[in-house]
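Good morning, everyone. Please bring up the model on your screens, and we will walk through it together.

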Amino acid sequence: MTAYRRVVIDLFRHPKNRGPLHDAAASAEGANPLCGDRIRVELRGDSARVTEARFTADACALCIASASLLTERVRGMSAEDALRIDTSWLFASLEGEPPPARRKCAILPLDTLRRAVAALPSA
């Protein structure tokens with residue numbers, strides 16, 4: 001078992017920030033039709049600061065682990081900084097790059113988060 005799989009399994013079993021966010025200021029949904037992953041990211045805050053981030057998902061373990069990491073990371077960040085999170089940070093946080101066939105599973109939450117951040121109201 002590779003290291004990233006241990007991280008993925010732990011975050012799949014005990015995800016952070018999973019569940020709806022009432023009174024969200026912005027949200028975005030994403031889906032991967034090839035594997036069936038579906039995710040929704042909801043944010044509270046504005047362009048100056050993301051104060052809360054949560055997700056709901058019907059997705060594989062890798063997608064849920066990525067969403068958990070990302071929603072934890074953006075709390076307290078400005079929208080500008082949140083938009084700078086890239087796949088290098090994500091894959092390092094997963095302790096390894098996913099196999100090529102599973103990259104979309106890991107990246108779907110990042111793409112969805114970016115769209116939600118871009119929809120935050122101006123400060």
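**Cysteines, sheet, helices and core**

Let's start with the disulfides: this structure holds zero of them. Keep in mind that this is a predicted model.

Why is there no bond at Cys60? The closest cysteine sulfur to that of Cys60 belongs to Cys105, and the distance is 3.8 Å, which is too far for a bond. A disulfide needs the two sulfur atoms within 2.5 Å. Now take Cys63. The nearest cysteine sulfur to Cys63 sits in Cys60, 5.5 Å away, so that pair is too far apart for a bond as well. Is Cys63 buried or exposed? Cys63 has a relative accessible area of 0%, so it counts as buried.

Next, the sheet. Three strands form an open sheet, in the order E1-E2-E3, and the pairing is antiparallel. E1 and E3 are the edge strands, each pairing on one side only. On average, neighbouring strands here are turned by 15° against each other, direction ignored.

A word of background. Strands in a sheet pair through backbone hydrogen bonds, and the pairing is either parallel or antiparallel.

Look at E2 and E3. How many bridges join E2 to E3? There are nine, and the two strands run antiparallel. A hairpin links E2 to E3 through two residues. Let's pick out partners. Arg38 stands opposite Asp58 in E3. Ile39 has Ala57 as its bridge partner in E3.

Now add the helices. H2 packs on the sheet and touches E2 and E3. The direction of H2 makes about 170° with that of E3. H5 lies across E1 and E2 and runs at about 155° to E1.

How do H2 and H5 meet? Their axes come within 7 Å and cross at roughly 35°. The crossing of H2 and H5 is right-handed. On the H2 side, the residues are Leu62, Cys63, Ser66, Ala67, Leu70 and Val74. They meet Cys105, Ala106, Leu108, Pro109, Leu110 and Leu113 in H5. You have already heard of Cys63, the buried cysteine.

On to the core. The largest nonpolar core has 38 residues. Which of them touch the most other members? Those are Ile39, Leu43, Val74 and Leu94. The elements that give two or more residues to this core include the strands E1 (26–32), E2 (37–46) and E3 (49–58). Helices on that list are H1 (3–13), H2 (61–74), H3 (79–83), H4 (87–93) and H5 (103–118).

Zoom in on Leu43. Leave aside its neighbours within four places in sequence. Leu43 is then in contact with a string of residues, among them Leu21, Ala24, Ala25 and Ala26. Val50, Glu52 and Ala53 are also in contact with Leu43. So are Leu113, Ala116, Val117 and Leu120.

Last stop: Leu83, in helix H3. Why does Leu83 count as partly exposed? Its relative accessibility is 38%, and partly exposed means between 20% and 50%. Beyond four places in sequence, Leu83 is in contact with Arg114 and Val117. Now find Asp46, 37 residues from Leu83 along the chain. The C-alpha atoms of Leu83 and Asp46 are separated by 13 Å.

That's the tour. Thank you.

Key. Residues numbered from 1 in each chain as written. Predicted model: local features only at pLDDT ≥ 70, side-chain atom pairs only at ≥ 80, totals over all residues. Heavy atoms only, no water. Core = buried A, V, L, I, M, F, W, Y, C linked by side-chain atoms within 4.5 Å. Buried < 20%, exposed > 50% of the residue type's maximum accessible area, 1.4 Å probe, protein only. Helix = DSSP H or I, 4+ residues; strand = E, 2+ residues; numbered from the N terminus. Contact = heavy atoms within 4.5 Å. Pairing = 2+ DSSP bridges. Axes fitted to C-alpha atoms, helices over the stretch in contact; angles between N-to-C directions. Left-handed = near helix turned anticlockwise from the far one by under 90°.
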